[in-house]
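Here is a short briefing for a reader meeting this structure for the first time. Take a look at the model, then work through the points below.

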Amino acid sequence: MKKLKTFQLILIVIFILFLIFLIKPKNYTQEYTINNVNITESFNKKKKSYYFAFNYKNINLDMLYNSNYKNHRTFIKDINVIEDKDNFCLIPSGDTFDFIPICYDNKKSTHYTMVNAKLKDQLDKKYFSQTKKITTYQDIEIYSNDYSYYIWNYNGFYYINSNQNTKIDIFKKELYTINLIGYTEDYLVIPDYDSDYTFHNFYTLQKGKLKKHSLNRDIYFDSYYPGYEKNKLYIIDNKEECMYEFNAQNGNLEKIKTKMLNKGNWEKANIKTLINQKKNFTYNTNINYTLIDNNIYLNYLNKKNKTIIATNVKNIVKIDNEDIFYLKEDSLYHFNPTKGEKLLLKYFEWNFNYENMIYIN
């Protein structure tokens, strides 16, 4: 009886170890073909992402999904191909991911929302969102309240979100140029622009609530923010040749040894190099966006393929992981690879003044 129980226990342990082996994330690459489309499917456990590369008529296209590891493979079960002369879209389908069309148009990889009319007419309407104006506030036309917007109005902000539209007054004087406003994970951080040359106070904004923080030293306006980590903003003071760490939650300011965040890892840095080259933090991301000749291109995992996602862009407002916000003429747009482009706001003032005017949380 004792031997039987021992044997059963061993079997249970072996079964548990087998299950752990099955569900443990592991890198893999698998190739298969559907409807004359060659597919390379891979999982990167460090990046926590599934990457799909497609080859059709010797043309390479790709897509990526951020996801935890799943216990099966070969996620694409079918591919519908629609074509217009040399242009085409591949429409994968499967049970796990909500795949989107990937397209080749005008001799380049093109997001499906930007393809020519003949291809677009063949795509299901579910892939395209319709935008209607919700309301207007202070001459700002609002088409989406999915986000919270801080719009600079020369002495403070218009604050716009789904709960309220209001005006936040901060400074006594009007300011047409504000180039030292920074983000943390949850806060907007603004120096005291009522001061000259140096400032002794920071203002923070969170969910429309303004708070003033008195600092333990003066900081020169001749400074820049290399980046943030969580709710700490980092400051390079070019005049004093030093680095500060500002905690936006409690208002504490600390002078620290110079360092830079490089894809999640802190590294020592030379203050002269940071001042002369104005280096910025880099963050772990599977998706990269670049603005080239007023066009925005999307790139996955630093692969060779680049997909055009927007044209006639004059300014990138913010990049937050796979989300990007940008301006076309007087209109603010949001783009996400799986959702496409969406109009958010329109403001005639942005035809003239738009740099450092829009902040999104």
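The notes that follow cover a cavity, two sheets, a hairpin and two single residues.

This is a predicted model. It holds 1 cavity of 30 Å³ or more. Among its sheets are an open one with the order β1-β2-β3-β4 and another open one with the order β13-β12-β11-β31.

**The cavity**

- The largest cavity has a volume of about 120 Å³.
- Its lining is made up of 15 residues. D62, I102, H111, Y300 and T307 are the ones that lie nearest the centre.
- Four elements each give two or more residues to this lining: β4 (59-66), β7 (102-105), β8 (108-111) and β25 (295-300).
- What is the make-up of the lining of the largest cavity, in nonpolar, polar and charged residues? It divides into 10 nonpolar, 4 polar and 1 charged.

**The sheet β1-β2-β3-β4**

- This open sheet has 4 strands, and their pairing is antiparallel.
- Its edge strands are β1 (28-34) and β4, each of which pairs on one side only.
- From one strand to the next, the twist averages 20°.
- Strands of a sheet pair through backbone hydrogen bonds, in either a parallel or an antiparallel way.
- β1 and β2 (residues 37-44) run antiparallel and are joined by 7 bridges.
- Within that pair, E31 stands opposite T40 in β2.
- β4 also appears in the cavity story, as one of the elements that give two or more residues to the lining.

**The sheet β13-β12-β11-β31**

- Here too the open sheet has 4 strands with antiparallel pairing.
- The edges are β13 (165-169) and β31 (358-360). Each of these strands pairs on one side only.
- The twist averages 20° from one strand to the next.
- β12 (residues 156-160) pairs with β13 over 5 bridges, in the antiparallel sense.
- Which residue stands opposite I160 in β13? That residue is N165.

**The β25 and β26 hairpin**

- β25 pairs with β26 (residues 307-310) in the antiparallel sense, over 3 bridges.
- I296 has A310 in β26 as its bridge partner.
- The hairpin has 6 residues between the strands. L301 takes a positive phi near 50° in this hairpin.
- β25 is also one of the elements that give two or more residues to the lining of the largest cavity.

**Y220**

- Y220 has its place in strand β17 (residues 209-220).
- Is Y220 buried, exposed or partly exposed? Its relative accessibility is 28%, so Y220 counts as partly exposed.
- Y197 is 23 residues away from Y220 along the chain, and their C-alpha atoms are separated by 5.8 Å.
- Leaving aside neighbours within four places in sequence, Y220 is in contact with Y197, T198, F199, D237, K239 and E240.

**L205**

- L205 lies in strand β16 (residues 198-206).
- L205 counts as buried because its relative accessibility is 0%.
- L205 and Y150 are 55 residues apart in sequence, and 9.3 Å apart in space from C-alpha to C-alpha.
- Beyond neighbours within four places in sequence, the contacts of L205 are Y150, F157, I168, D186, Y187, L188, I190 and L210.

Definitions and conventions:
Residues numbered from 1 in each chain as written. Predicted model: local features only at pLDDT ≥ 70, side-chain atom pairs only at ≥ 80, totals over all residues. Heavy atoms only, no water. 1 Å grid on protein atoms, 1.4 Å probe; cavity = no way out; pocket = protein on both sides within 12 Å on 5 of 7 lines; lining within 4 Å. Points joined across faces, edges and corners; volume = space filled by probe spheres on them. Nonpolar A, V, L, I, M, F, W, Y, C, P; charged D, E, K, R; others polar. Pairing = 2+ DSSP bridges. Axes fitted to C-alpha atoms, helices over the stretch in contact; angles between N-to-C directions. Buried < 20%, exposed > 50% of the residue type's maximum accessible area, 1.4 Å probe, protein only. Contact = heavy atoms within 4.5 Å.
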